[in-house]
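Reader: I am new to reading structures, and I would like to look closely at one single part instead of hurrying over the whole. Please choose one, and explain with care where it sits and what surrounds it.

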Amino acid sequence: MTSRCILQTALLVYFSTTVLAMNYNLLRFQLSSSSVECQELLLQLNGTSKDCLKDRMNFKIPEEIQKSQQFQKEDIVLVTLETFQKTSDIFRRNLSSTGWNESIVKNLLATLHWQKEHLEEILEDIMQEENFTWDHRTLLHLKRYYLRIVRYLKAKEYSVCAWTIVQAEILKSFFFLDKLTDSLPN
């Protein structure tokens with residue numbers, strides 16, 4: 001009787017570990033593919049920052065995201081979700097001066113919207129599974145980062161160069177998002 005109980009417990013631990021590893025791999029894949037898809041659309045927007053060097057600005061992406069410290073998976077999902085939300089908010093602003101292809105911008109917004117909905121479902125599942133605690137400072141730093149971008153656009157009156165600089169900055173934020181996603185445990 002005892003050996004059967006030990007065997008069942010051992011099998012449960014083995015399968016739980018296997019499922020958890022698959023869960024992390026699937027989450028890493030989903031987050032990475034979401035980011036890559038958005039980056040590809042951003043790169044399709046024409047604009048080079050060479051002509052806009054005088055307009056460059058350091059928006060100060062949050063240090064904890066740059067260093068991709070060991071976040072828990074819920075933290076990474078939250079940061080990704082916030083990044084997609086704020087990026088979507090920014091690209092819904094006055095784009096008339098950019099000369100960008102509207103269908104690419106619409107595809108970007110649709111992709112961001114779909115990814116946000118998908119990530120919200122994942123986050124709900126995670127929160128139901130685990131005891132979830134979040135350090136609100138990281139999210140606050142991220143919100144301030146995007147607020148600096150919005151203020152910059154307003155101050156530059158949504159000029160072509162301002163949008164080009166913002167496009168490059170958003171691409172940079174997705175690069176750090178990729179690094180963060182890669183830090184998920186195997």
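Author: A residue is called buried when its relative accessible area is under 20%, exposed when that area is over 50%, and partly exposed in between, judged with a 1.4 Å probe and protein chains only. This is a predicted model, in which local features need pLDDT of at least 70 and side-chain atom pairs count only at pLDDT 80 or more, while totals for chains, interfaces and linings use all residues. Residues are numbered from 1 along each chain as its sequence is written, and side-chain values use heavy atoms, with hydrogens and water left out.

The part I have chosen is helix H3, which runs over residues 73-90. To place it, begin with the whole: the protein has six helices and zero strands (DSSP runs of H or I with at least four residues for helices, of E with at least two for strands, numbered from the N terminus), and along the sequence the pattern reads α-α-α-α-α-α. The protein has 186 residues, and 44% of them count as buried. If we take the contacts (heavy atoms within 4.5 Å) between residues at least 6 apart in sequence, 91% of them join residues at least 24 apart.

Two residues of H3 show what this looks like at close range. Serine 88 lies in helix H3, and this serine counts as buried because its relative accessibility is 1%. Apart from neighbours within four places in sequence, serine 88 is in contact with Leu109, Leu112 and Lys116. From the C-alpha of serine 88 to that of histidine 113 the distance in space is 7.6 Å, although the two are 25 residues apart in sequence.

Threonine 80 also has its place in helix H3, and its relative accessible area of 1% is why threonine 80 is buried. With neighbours up to four places away in sequence left aside, its contacts are Leu31, Leu119 and Leu177. Here the step along the chain can be a long one to follow: threonine 80 and leucine 180 are 100 residues apart along the chain, while 9.1 Å separates their C-alpha atoms.

What does H3 meet in H5? Val79, Glu82, Thr83, Lys86, Thr87 and Ile90 in H3 touch Thr138, Leu139, Leu142, Lys143, Tyr146, Ile149, Val150 and Leu153 in H5. By class, the residues of this contact divide into eight nonpolar, three polar and three charged. Helix H5 covers residues 136-155, and the two helices pack at an angle of about 15 degrees with their axes 11 Å apart. H3 and H5 are therefore roughly parallel to each other (angles under 35 degrees count as roughly parallel, over 145 as roughly antiparallel, 65 to 115 as roughly perpendicular and the rest as oblique).

H5 in turn leads us to helix H6, residues 160-182, and here the packing angle is about 165 degrees, with the axes 10 Å apart. This angle is why H5 is roughly antiparallel to H6. On the side of H5, Tyr145, Tyr146, Ile149, Tyr152 and Leu153 take part, and they meet Ala162, Trp163, Ile165, Val166, Glu169, Ile170 and Ser173 in H6. The residues of this second contact are ten nonpolar, one polar and one charged. Tyr146, Ile149 and Leu153 are thus worth finding in the structure, being among the H5 residues that meet H3 and also among those that meet H6.

Terms used: Axes are lines fitted to C-alpha atoms, for helices over the stretch in contact, and angles run from 0 to 180 degrees between N-to-C directions. Ala, Val, Leu, Ile, Met, Phe, Trp, Tyr, Cys and Pro count as nonpolar, Asp, Glu, Lys and Arg as charged, and the others, Gly among them, as polar.
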